[in-house]
Amino acid sequence: MDAFRIEGGVRLKGTVSISGSKNAVLPMLCATLLAPGEYTLTNVPVLRDVTTLSSLLRTLGVHVVRDGSTLRIDSTRAVPNEAHYDLVRTMRASVYVLGPLLGRFGHARVSLPGGCAWGPRPIDLHLHAMEKLGARISLDHGVIVARGAPLRGNVIDFQISSVGATGNAVMAAVLAEGTTTIRNAAREPEIAALCEFLVAMGAGITGIGTHELAIDGVPSLSPVDAAVIPDRIEAGTYLVAGAITRGEIELRDIREDQMQSTVEALRATGAELESTEAGIRIRGTGEIRPVTVSTEPYPGFPTDMQAQLMSLLLLAHGDSTIHETIYSDRFKHVPELTRMGGRIRVEGGDAMIQGVPNLTGAPVMASDLRASAALVLAGLVAEGTTEVLRVYHIDRGYERIEEKLAGLGARIWRVRQS
Ligand code: UD1
């Protein structure tokens, strides 16, 4: 398992290009199951999660070929085989095949994903949505068995705003008979991007980007080519890298309009941010101000940026609070950041952070994707050497992070370990 060795203390400077969004491309890949034919997706990040999902799609008869940041997909011979536990357990987003398989073939078998690094992450809302569309759901030795042909439009009123359940429901509904209304739909840009992709394929979806989606089922869809939107979480992570090292970084290839809550939170800490022709520039100032932030569904502050913001707040002049409202136990990074000198107290879903003047390098263990990013960020500013172990987590969602950071002047190396 690879590790990163980081020697902290360099003010990062320069320009970094942001890759395509992991959370946008995963449902788009699954959506190719809805219409047989050839698709070309561009701006696809080279990430382990994309490789995993490509492997899963291959087990469903889909051809996936990568050429740099382009994926060519041929779903002509797609079949509703079982989505096996070996692949599903490594990536929860695999459950995104449920809606398209059910919508297109009238039945699906998808292994129930297990727990997650930060506690149980249920999929009851996904199953509820399928049932609302007329599917019968049962569990067969750990495998979700869904049947229902044809699916019929209905009103789906989500109790909780869920990105995955909204995406799955939309993909199941586009080929259903009649109209489906999804209330309390997730408004995340990745869901809007999925809907736009489906509309390009011929789906009838209105209300994109709002809490209520209306989907008029169509008999069939056609393949299309599309570009993946920029990754707002990767972008936010590099903004924190600029702030925490008191550096100056320009981000290119971003959608600033999709990053407002992150930009606002960083401004509140005292970082200077300005729009540029190519994207956005951040300048870290001397003093980091403490803030109180709550994670919220989009357009609120993303839970996927919580760990990275925490690393910055460790060095604030005063006490900060982070309320984690999406996943109340998503604090795996806390004990590791504490090993680097951070002062954090967690009570329920709240983390109270008492700013310290500096962090010190230490060997630390990555536990999940965003927690790993937080450790790398802390390592960039810590005194001495930080070794982040188990970076395979970070390879799931950050394209060439060590190269991109090194390009900004960071002293970071990948240490190959068997
Ligand atoms: C997606 C993102 C993930 C992000 C999360 C929240 C992808 C591939 N992953 O995950 O990076 O952290 O959104 O922005 O896009 N819930 C239920 N029942 C369900 C589904 C969800 O109770 O069936 C709850 C979850 O426990 C959580 C909340 O709903 O408290 C939101 O989760 P959800 O938006 O579904 O997250 P994911 O789609 O899994």
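Before the strands come up, one definition: two strands pair if DSSP finds at least two bridges between them. With that in place, take β7 and β8 in this predicted model. Strand β8 covers residues 143-147, and 5 bridges join β7 to β8, with the two running antiparallel. Within that pair, D140 stands opposite V143 in β8.

These two belong to an open sheet of 3 strands, in the order β6-β8-β7, with antiparallel pairing. What is left without a neighbour here? β6, residues 107-111, and β7, residues 136-140, stand at the edges with a single partner strand each, so one side of each has no neighbour in the sheet. From one strand to the next, the twist averages 20°.

Next, another open sheet. Its 4 strands come in the order β2-β14-β16-β15, and the pairing is mixed. The edges are β2, residues 13-17, and β15, residues 272-275; each has a single partner strand, so one side of each is left without a neighbour in the sheet. Neighbouring strands are turned by 15° against each other on average, ignoring direction. At the β15 edge, 4 bridges join β15 to β16, residues 279-283, and the two run antiparallel. L273 stands opposite I282 in β16.

Now the ligand. Why does the ligand lie between domain 1 and domain 2? Domain 1 is made of 2-19 + 230-416 and domain 2 of 22-227; both give residues to the shell around the ligand, so it lies between them.

There are 18 residues around the ligand, and those that come nearest are D124, S162, V163, D304 and I326. By class, the shell has 8 nonpolar, 6 polar and 4 charged residues.

On to the polar contacts, by distance. One oxygen atom of the ligand is 2.8 Å from an N or O atom in the side chain of Y327. For N23, again an N or O atom of the side chain, the distance to a ligand oxygen is 3.1 Å. With P122 the partner is a polar backbone atom, 3.2 Å from an oxygen atom of the ligand.

How much of the ligand's accessible area does the protein cover? On its own the ligand has 730 Å² of accessible area, and the protein covers 85% of that. As for which elements contribute, α5 (124-132) and α6 (163-173) are the ones that give two or more residues to the shell. Of the elements, α5 gives the most, with 3 residues.

That is the set of items for today.

Notes:
Residues numbered from 1 in each chain as written. Predicted model: local features only at pLDDT ≥ 70, side-chain atom pairs only at ≥ 80, totals over all residues. Heavy atoms only, no water. Near = heavy atom within 4 Å. Polar contact = N/O pair within 3.5 Å; in protein donor to acceptor, adjacent residues only side chain to side chain. Areas by Shrake-Rupley, 256 points an atom, 1.4 Å probe, with all protein chains shown as cover. Nonpolar A, V, L, I, M, F, W, Y, C, P; charged D, E, K, R; others polar. Domains from an automatic or database assignment. Axes fitted to C-alpha atoms, helices over the stretch in contact; angles between N-to-C directions.
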